[in-house]
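Colleague: Could you take me on a close look at one part of this protein? I would like to start from a single residue and work outwards to what surrounds it.

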Amino acid sequence: MTASTLTPAPRPHPGRGATAYDETAPIHTYTAAGSALQRAGTTDYPAWLTHVRAAAGCTRPIRLVGAIDTIDGATGERLSRAHTVGMPDAAIYKACGNRRARVCPGCAGTYQADAYQLLRAGLVGGKGVPDTVSRHPAVFATLTAPGFGTVHARTVRKHTCTNRRRCDCRPEPCHARRDTGLCEHHRPAVCWARHEPTDAVLGQPLCLDCYQYDHQVVWNLMAGELWRRTKQAAERFLARLAKTRGIRTVPIVTSTGKIRRLPPVRISHGKAAEFQARGAVHFHALLRLDGVNPADPTAVVPPPAGITTVDLEDAIRHAVEQVAFHTPEHPDMPGGWPITWGEQVDVRHISLTGRGEVTDGMVAGYLAKYATKSTEATGHTSTRLDADTVGHHADPDGDHTARLIDACWRLGGPTSTREADDDNDSDDGQTDEQEHHEDHTADVIRLADRPPLQRPKPGFYAPGPAASAAPTPDMPPAHTAPPSVKPALTPKPRTPRAVPSG
Ligand SMILES: [Zn+2]
Ligand SMILES: [Zn+2]
Ligand SMILES: [Zn+2]
Ligand SMILES: [Zn+2]
């Protein structure tokens, strides 16, 4: 059954389409085409068009109503006042600015174009970035999530297709094993199928009950922190490498007038997360090697000549292997969940000549595309879920997506209250079980009390200390976590490395 709250407006031309002899289809102003036709027929159409241009292309523009004052900046005197009542539609339209293509294709397209230009400028210069960046070593890295359970997969050993999007190569059997076993839930733990790229089971677990939903959703949440530590580890690796090669640190005068010595190289990055079919994210990242200007630590300057693209790749691969930590404690997982990268790491050298394996334009376009995608690949998209709507999507015994949403909702729920709440606001709708959990997690910050997540901006994150401030995950500090990098992270002797292919 469907219900509508729309009030039908009286038709302006009641005669049209009323008889069986009239061939003209009726124009319904409540349809998009009908209202566009009606709008275009009005005398103030050009003025209206100019008025709404600010939100042109936006699917769901925001309507602003009220008065606009023009104030003299020097005297504070009000020069004029305009009210939206006198404007076309009695409102000002503002584009929604949403960057998800599913929500607003128009605004997402704008964001994508901005992101492309900024990312490309980070590689070839422009938009305030010096042209000399085109000579900095740069790589394009893809980092993956680890496994959280066996899923149906399409693996092609050697592609012979020309277009990977329309791959028709013969894949390997999905999960071939000689010992045709069953899991503890008596479901087959093998799959001999050679899946087509469009196969709906791709990304689905062989057994839903075996799959580690909690671990996966926590991993997604912590992926930003994992990235931050990985970049830090890669920079430390490069700093040690510079030291062994006799490249000097750079003295910087701090704001308090003291001299601080910084490593001579650092990494700038731009990245995008891509949802895989199984619901875990991949990171695609551009990493550029920069030097340090002692006179202006924020300036983008070339790195010292002794550090190359191969070293940058080594640093990333080492960091990805070494960085491991545990999340903060959680009532459902005392000791926290272990967080590491998956085994698949791809690092490609970026060429600006157009002859290498990936060019600046390809990389910027690829990242900008993912910057406007959300969970489409998983087959699920929804607006913000709340207590009233989550029941339509979450189910601990449902399909793969329903179980993922259930895990998010269950684990992300409040696990503690502030002391003040105990005194004056005990009736906050918590169940006994949640109250019980408080004992163990008094220092976990309640979800509602956490600072709002910074809206990501396209382009490169600033190098140096500011970089760590940009992409921080919405989680309490990892106070229970062990050191982020094992001390074994030392630069290996420099060996020529072939550029990876494929
Ligand atoms: Zn929009
Ligand atoms: Zn399969
Ligand atoms: Zn192929
Ligand atoms: Zn099972």
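Modeller: Happy to. Let's start at Ile339, which, apart from neighbours within four places in sequence, is in contact with Trp219, Met222, Leu226, Ala324, Phe325, His326 and Thr327. Please keep in mind that this is a predicted model.

Ile339 itself sits in strand S11, which covers residues 338–339. Is Ile339 buried or exposed? Ile339 has 23 other C-beta atoms within 10 Å, and the cut-off for a buried residue is 20 or more, so Ile339 counts as buried. One of its contacts, Thr327, lies 12 residues away along the chain, and the C-alpha atoms of the two are separated by 7.1 Å.

Now follow the contacts to Trp219, Met222 and Leu226. They lead us to helix H4, which spans residues 213–244. In general, an α-helix has 3.6 residues a turn, so residues three or four places apart point the same way.

H4 matters for the next step outwards, to the nonpolar core. The largest nonpolar core has 69 residues, and those touching the most other members are Val139, Leu287, Ile316 and Leu367. H4 gives the most to this core, with 14 residues. As a general point, nonpolar side chains tend to be buried together in soluble globular proteins.

Ile316 shows how such a core residue is surrounded. Leaving out residues up to four places away in sequence, Ile316 touches Val139, Ala141, Ala234, Leu287 and Val347. Two of these, Val139 and Leu287, are named with Ile316 among the core residues that touch the most other members.

H4 has another partner too: the buried residues of helix H7 pack against H4. Those buried residues are His400, Arg403, Leu404, Ile405, Asp406, Ala407 and Cys408, so charged names such as Arg403 and Asp406 are on the buried list as defined by the count of C-beta atoms. H7 runs over residues 400–412, and its 13 residues should span 18 Å at 1.5 Å a residue; the end C-alpha atoms are 18 Å apart, which agrees.

Stepping back to the whole protein, there are nine helices and 13 strands. Of its 502 residues, 25% count as buried, and Ile339 is one of those buried residues. Among contacts between residues at least 6 apart in sequence, 65% join residues at least 24 apart.

Terms used
Residues numbered from 1 in each chain as written. Chains lettered and ligands numbered in written order. Predicted model: local features only at pLDDT ≥ 70, side-chain atom pairs only at ≥ 80, totals over all residues. Helix = DSSP H or I, 4+ residues; strand = E, 2+ residues; numbered from the N terminus. Buried ≥ 20, exposed ≤ 12 C-beta atoms within 10 Å, placed from the backbone. Contact = placed C-beta atoms within 7 Å. Core = buried A, V, L, I, M, F, W, Y, C linked by C-beta atoms within 7 Å. Expected span 1.5 Å × (residues − 1).
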